[in-house]
Amino acid sequence: MPDHDHDAPADDTTAGTKSGTTDEPPQKPTTPDQWRQLLRDDKLPEQLAELPFFRRRRARRAWRSARRDARSQWVKQQRRNVPTPITVPLLALLVAALIGTVSWLSREENHDTARPKPTASPTAAPAPPPTEHPEPAATPSSTAPRPKAPDDVAKAFMTGYSTRTPLQDGTHRAAVQRAAPYASAALVANLRNHDDLDWNQLIASQATSAAPKNVSVAAPSAKDRPAPDTTLRLYREATARIEVQATEDYAYTRRLTLEIARADVGQPWMVTRVLGVEE
């Protein structure tokens, strides 16, 4: 009987060979189920197939365990040889950082090379940025000597404050700036922050210039004097005829009562108040 069992598979194999049929090459598994089926169909070696049932069962378990270990080792080796998806971005970031560092260093080097060398002038100071309406100076101009007599101070203030060029000035603050060397800082700030009727009239007339002519200074009358004169404070009445060039030229007379004061005897005079400015 055992001999008959062994002969039967041999007859089937022989019959299949004689019939001319050939086994087709197995297709490569593509899904997890196909891979598991391939492992289940993995044939045991011939020496294990001839063992008794229980010994064959234990040997088959040991043989499959060894096969799994061998496959695991092979997969680990392949992973070590090929960069993983995590390693690739890390390498890309490292390369990008190196390129950025080199570019930044090159840019800094070029910037330092192109930067102009400072001049050897220890007293030169950087000029402040220009402003649309510069702040007026509270001290006399360094290019022209400041008048010492109070009447001369009043005349210089009246001339500077009455001179207007709307196209170049932009606002009435330019006229305040021209009169600033002969006025106190408080008066300059007050004139800058208040409206000016003469300026508004020039703008309405589309004037291009307003020039004071025949500027005169005299002591005001008793009724127009705010207070008696002292050695530190006095009053003067400044009068000027202003000729305006506009679409239609015209002229008018402006009269201002000026308070002129000084801090102490021997100190310079300056205009501290203006009476008669129309707002």
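Tutor: Before we start, one term: a polar contact is a pair of N or O atoms within 3.5 Å, where, within protein, one must be able to donate a hydrogen and the other to accept it. Keep in mind, too, that this is a predicted model.

Student: Okay, then which residue's side chain does E259 join in a polar contact?

Tutor: Start with where E259 sits, which is strand β3. Leaving out residues up to four places away in sequence, E259 touches several others, including R233, L234, M270 and T272. The polar contact between side chains spans 2.9 Å, and the partner of E259 is Y235.

Student: Is E259 buried or exposed?

Tutor: The cut-off for buried is under 20% relative accessible area. E259 has a relative accessible area of 9%, so E259 is buried.

Student: How is the chain laid out, and how many strands does it have?

Tutor: Walk along from the N terminus and you meet the helices, then the run ends β-β-β-β. The helices number ten, and the strands number four.

Student: What is the order of the strands in the open sheet?

Tutor: Look for the edges: β1 (209-218) and β4 each pair on one side only. The pairing is antiparallel, and the order reads β1-β2-β3-β4.

Student: By how much are neighbouring strands of this sheet turned against each other on average?

Tutor: Ignore direction here, since we just want the turn between neighbours. On average, that turn is 35°.

Student: Zooming in on β1 and β2, which residue in β2 stands opposite A218?

Tutor: β1 and β2 (residues 233-245) run antiparallel and are joined by eight bridges. Opposite A218, in β2, you'll find E237.

Student: Which helix lies across β1, β2, β3 and β4?

Tutor: Check the direction against β1: the helix runs at about 165° to that strand. The helix lying across the four named strands is α6.

Student: Now for α9: why do its buried residues line one face of the helix?

Tutor: The buried residues of α9 (residues 185-192) are L187, V188, L191 and R192. Viewed down the helix axis they line one face, because they fall within an arc of 130°.

Student: And which elements do the buried residues of α9 pack against?

Tutor: Two of the partners are helices, α6 (150-162) and α8 (173-179). A strand is on the list as well, namely β4 (270-275). So to put the answer in one line, the buried residues of α9 pack against α6, α8 and β4.

Student: Last one: what percentage of the chain's residues count as buried?

Tutor: The chain has 279 residues. Its exposed area is about 20,500 Å², with 56% supplied by carbon and sulfur atoms. The share of residues that count as buried is 23%.

How values were computed
Residues are numbered from 1 along each chain as its sequence is written. This is a predicted model: local features need pLDDT of at least 70, side-chain atom pairs count only at pLDDT 80 or more; totals for chains, interfaces and linings use all residues. Side-chain values use heavy atoms; hydrogens and water are left out. Buried means under 20% relative accessible area, exposed over 50%, partly exposed in between (1.4 Å probe, protein chains only). The arc is that of the directions from the helix axis to the C-beta atoms. Contact means heavy atoms within 4.5 Å. Two strands pair if DSSP finds at least two bridges between them. Axes are lines fitted to C-alpha atoms, for helices over the stretch in contact, and angles run from 0 to 180 degrees between N-to-C directions. Accessible areas come from the Shrake-Rupley method with a 1.4 Å probe; for residues, only the protein chains shown count as cover.
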